[in-house]
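Welcome, and please open the structure in your viewer. We will go from stop to stop, with something to select at each one.

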Amino acid sequence: MGQIRLDAVSKSFGDVEVIRPLDLEISDGEFVVFVGPSGCGKSTLLRLIAGLEDVTSGRIEIDGVDATAVPPAKRRLAMVFQSYALYPHMSVRKNIAFPLRMAGLGKDEQMRKVEEAARVLNLTEYLDRRPRQLSGGQRQRVAIGRAIVRDPTAFLFDEPLSNLDAALRVNMRLEISELHQSLETTMVYVTHDQVEAMTMAEKIVVLQEGVIEQVGSPMELYSAPRNRFVAGFIGSPTMNFVNGEEAARRGAHSIGIRPEHLTISTTDGAWQGTVGVAEHLGSDTFLYVHLSDGSGTLTVRAGGEYGAGHGDTVYLTPDPAKLHRFDAAGLRIE
Amino acid sequence: MARNVTPARKATVTAVAWIIGLAIFFPILWTILTSFKTEAEAIASPPSFVLFDWTLENFAIVQERSDYFRHFLNSVIISLGSTALGLIIAIPAAWSMAFVPTKRTKHVLMWMLSTKMLPPVGVLVPIYLIFRDVGLLDTQAGLVIVLTLINLPIIVWMLYTYFREIPVDILEAARMDGATLRSEIIHVLMPMAVPGIASTLLLNIILAWNEAFWTLNLTAAKAAPLTAFIAAYSSPEGLFYAKLSAASTLAIAPILIMGWFSQRQLVRGLTFGAVK
């Protein structure tokens, strides 16, 4: 089991309210990602679930039991930190065995579980090394190993991939996703990287300034963002927003259209503009088009072979079915 | 930019360093030399440096007159006891100040340090009277308590400085791994702070070993450590320099040897955290 329920949970540091009272339900076996810009409270929320911070008000339930006042050691949750937080004075073997030792397991049982975790994570040949003799990716795997050996109710990940280089990050992302599929244990994952959120999550929780902006599956957030913040945060490159006359014509304060939902043509279309910068990624070309009526710059996704360059005149046409309309408060108009 | 060091400048700096070093060491060297002289040679003018009749008679007389080993044992018990007790109290205290600081933690630290600014003689009478009433005068336990109390601020300060260098993530990881507070301190914090704890331990043994004010005032015979042993030779009926030197040499020898062997640890500990 690994069900977590937050009921009107809030957190203040002094006079600063970091988390406004919020409710959240995480089902057993779910992969939930908390995403948001720096300082939005996502790490604090994770630490509240972990018990490393005390809630200011509200209630946290784990598997139906009130865990609000339960110390972190007793919540049966495992956490992987951004800094890995390995014990530098212990070998990899002892690092992974530490939670088992704390749980009072016998030596043989400890070693059996450590060997098993090391095998799953390809760490067998490093078991006798110290953390400082490992690369960043290996250290992160040790941290994950330390989390999985104890069979926790849920895993908590606090930006675990931020210290890794781009290539390794993609690898580890896949490894964590695969781990989730094989273990089927609840995972709560914090990141500021919306690509990680989109690719890994079953459910994304978008936070801003201590408030949950939207909860939903990656595709729900992508196709029906509840407000302009979510619309702009989810998706890469970010959604284009057009205000003024064009929006008013469609009965909205502003309209949003994703780069992949604009059709580009050199002969005719709804909006005329000139290409500022063309980014060729091979598979795709991203064009930054300055609209001729001066209402802004739109990003367009075109095919990898698309030939337009700086200064070329192009015409853009939005797919009407994929237009998002927002009111003056930034809320979605259905 | 690296500084340009000429050979002449290097030679001058080296010479000055040696002169200062020897000047600091000279009183100790002179004490040791004097301990091997006769009383007449000890006060001879001009004094002889090495060309005198080397003798061990002072050491024999000193041991005969006042039992060296009893004083030595008292010193060992008092310095080790007060350091151990101090660490037991200071480790949790420094832990809480380093990892769960409040707005007033800095004030508490300053307050603790300020107690070191008080002249000890200012509280001698009350402490003497308390010790007399509870029967702690001239006992090893009494000295362990009083030396623990006077060195506690330094122990807490030193440990606090070392603990602050330890990333709090690691302690939180231990908590998530199911460690109780006690396991967290014993299995994670202390092994990581070993260099700091070791230098704190060494420095406090030295401070307690050399402490003279309280050990002289609160002891008579039974619990008297080596400081009292030395003091016994600065008698009112006249100074016997050779015997006083022999007593001093015997008293400082153990701590000097310990300091010599642990100097790398001491220097490392005292400069810990200065450079990341």
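Please start in chain A with Phe241: the bridge partner of A:F241 in β12(A) is A:G256. Keep in mind along the way that this model is predicted.

**Stop 1: around that pair**

Now widen the selection to β11(A) and strand β12 of chain A, residues 254–257; the two run antiparallel and are joined by 4 bridges. What order do the strands of this open sheet have? The order is β11-β12-β18-β19 in chain A, 4 strands with antiparallel pairing. Colour β11 (240–243) and β19 (332–333) of chain A to mark the edge strands, each of which pairs on one side only.

**Stop 2: strand β9 of chain A**

Next, select residues 203–208 of chain A, which make up strand β9. Is this strand mostly covered or mostly uncovered? It is mostly covered, with 5 of its 6 residues buried.

Add strand β3 of chain A, residues 31–35: β3(A) and β9(A) run parallel and are joined by 4 bridges. To see where they line up, pick A:V32, which stands opposite A:K203 in β9(A).

Then bring in strand β10 of chain A, residues 211–216, which pairs with β9(A) in the antiparallel sense over 5 bridges. A good pair to label here is A:I204 and its bridge partner in β10(A), A:G216. As a general reminder, strands of a sheet pair through backbone hydrogen bonds, either parallel or antiparallel.

Finish this stop at the hairpin of β9(A) and β10(A), where 2 residues lie between the strands. Look at A:E209 there, which takes a positive phi near 45°.

**Stop 3: two helices of chain B**

Move to chain B and select helix α4 (residues 68–99) together with helix α7 (residues 140–164). Their axes come within 6 Å and cross at roughly 40°, and therefore α4(B) is oblique to α7(B). The crossing in which α4(B) passes α7(B) is right-handed. Try colouring the contact of these helices by residue class: you should find 21 nonpolar, 7 polar and 1 charged residues.

**Stop 4: where the chains touch**

Last, show both chains. How many residues does each chain bring to the contact? Chain B brings 15 residues and chain A brings 18 residues. On the chain B side, the elements giving two or more residues are α8 (168–176) and α9 (181–192). Select α8(B) before you leave, as it gives the most to this side, with 6 residues. By class, the chain B side divides into 8 nonpolar, 3 polar and 4 charged residues.

Conventions:
Residues are numbered from 1 along each chain as its sequence is written. Chains are lettered from A and ligands numbered from 1 in the order in which they are written. This is a predicted model: local features need pLDDT of at least 70, side-chain atom pairs count only at pLDDT 80 or more; totals for chains, interfaces and linings use all residues. Axes are lines fitted to C-alpha atoms, for helices over the stretch in contact, and angles run from 0 to 180 degrees between N-to-C directions. Angles under 35 degrees count as roughly parallel, over 145 as roughly antiparallel, 65 to 115 as roughly perpendicular and the rest as oblique. A crossing is left-handed if the near helix is turned anticlockwise from the far one by less than a right angle, and right-handed if clockwise. Ala, Val, Leu, Ile, Met, Phe, Trp, Tyr, Cys and Pro count as nonpolar, Asp, Glu, Lys and Arg as charged, and the others, Gly among them, as polar. Two residues are in contact if their C-beta atoms, placed from the backbone, lie within 7 Å. A residue is buried if 20 or more other C-beta atoms lie within 10 Å of its own, exposed if 12 or fewer, and partly exposed in between; C-beta atoms are placed from the backbone. Two strands pair if DSSP finds at least two bridges between them.
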